[in-house]
Amino acid sequence: MRKDKAKVLDEQWDDERVASFLEPRPGDGENADHQLLLRAYQSMRDSDFARYIPQFCAAGRDINATGREGKTLLEEVSEHRYGTAYAETLKAHGAS
């Protein structure tokens, strides 16, 4: 890391930043809803992800969207060592 760049630890995410993850980026053919979920999972702490998922569902997005390999985000995070809290949030909002 460059000396003029400060390392950010335990950054607080406001509601606006969490909601910004509802806007799809130009895709590469992947399911847009799965892409949004995956990007949120990869970027957010579990507490911020738990705030994001109700917004995602309220926006009419598909919580069971599948990626290129045919897996839902719930199936993917269930394979990760630190995915338990994320999986619980997904299940609580209807993911299967």
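Arginine 51 has a relative accessible area of 29% and therefore counts as partly exposed, a class that lies between buried, under 20% relative accessible area, and exposed, over 50%, as judged with a 1.4 Å probe on protein chains only. The model is predicted, so local features need pLDDT of at least 70 and side-chain atom pairs count only at pLDDT 80 or more, while totals for chains, interfaces and linings use all residues. Residues are numbered from 1 along each chain as its sequence is written, and side-chain values use heavy atoms, with hydrogens and water left out.

**Salt bridges**

The structure holds four salt bridges, a term that stands for a side-chain nitrogen of Lys or Arg within 4 Å of a carboxyl oxygen of Asp or Glu. Side chains of opposite charge can pair when their charged atoms come close. Three of the pairs are set out below.

| Pair | Closest N to O distance |
|---|---|
| Arginine 61 and aspartate 33 | 2.8 Å |
| Arginine 45 and aspartate 48 | 3.0 Å |
| Arginine 51 and aspartate 48 | 3.0 Å |

Arg45, Asp48 and Arg51 are linked in a network of salt bridges. Within this network, arginine 51 and aspartate 48 both belong to helix α3, where they are three residues apart, about one turn of the helix; helices here are DSSP runs of H or I with at least four residues, strands are runs of E with at least two, and both are numbered from the N terminus. Aspartate 48 is buried, with a relative accessible area of 2%, whereas arginine 45 is partly exposed at 29%.

The side chains of arginine 61 and aspartate 33 also meet in a salt bridge. Because arginine 61 lies in the loop between α3 and α4 (73-77) and aspartate 33 in helix α2, this pair ties together parts that are 28 residues apart in sequence. Arginine 61 is partly exposed, with 25% relative accessibility, and aspartate 33 is buried, with 13%.

**Helices α2 and α3**

The axes of helix α2 (residues 32-43) and helix α3 (residues 46-58) come within 10 Å and cross at roughly 165°, which means that α2 is roughly antiparallel to α3. Axes are lines fitted to C-alpha atoms, for helices over the stretch in contact, and angles run from 0 to 180 degrees between N-to-C directions; those under 35 degrees count as roughly parallel, over 145 as roughly antiparallel, 65 to 115 as roughly perpendicular and the rest as oblique.

On the α2 side, Asp33, Leu36, Leu37, Ala40 and Tyr41 meet Phe49, Tyr52, Ile53 and Phe56 of α3, where contact means heavy atoms within 4.5 Å. By class, eight nonpolar residues, no polar ones and one charged residue make up this contact of α2 with α3.

**Threonine 89 and arginine 39**

Threonine 89 lies in helix α5 (residues 84-92) and is buried, with a relative accessible area of 11%. Not counting residues up to four places away in sequence, threonine 89 touches Phe49, Ala50 and Ile53. Of these, Phe49 and Ile53 are also among the α3 residues that meet α2.

Arginine 39, found in helix α2, is buried as well, with a relative accessible area of 15%. Arginine 39 and proline 24 are 15 residues apart in sequence, and their C-alpha atoms are 9.8 Å apart in space.

Notes
Ala, Val, Leu, Ile, Met, Phe, Trp, Tyr, Cys and Pro count as nonpolar, Asp, Glu, Lys and Arg as charged, and the others, Gly among them, as polar.
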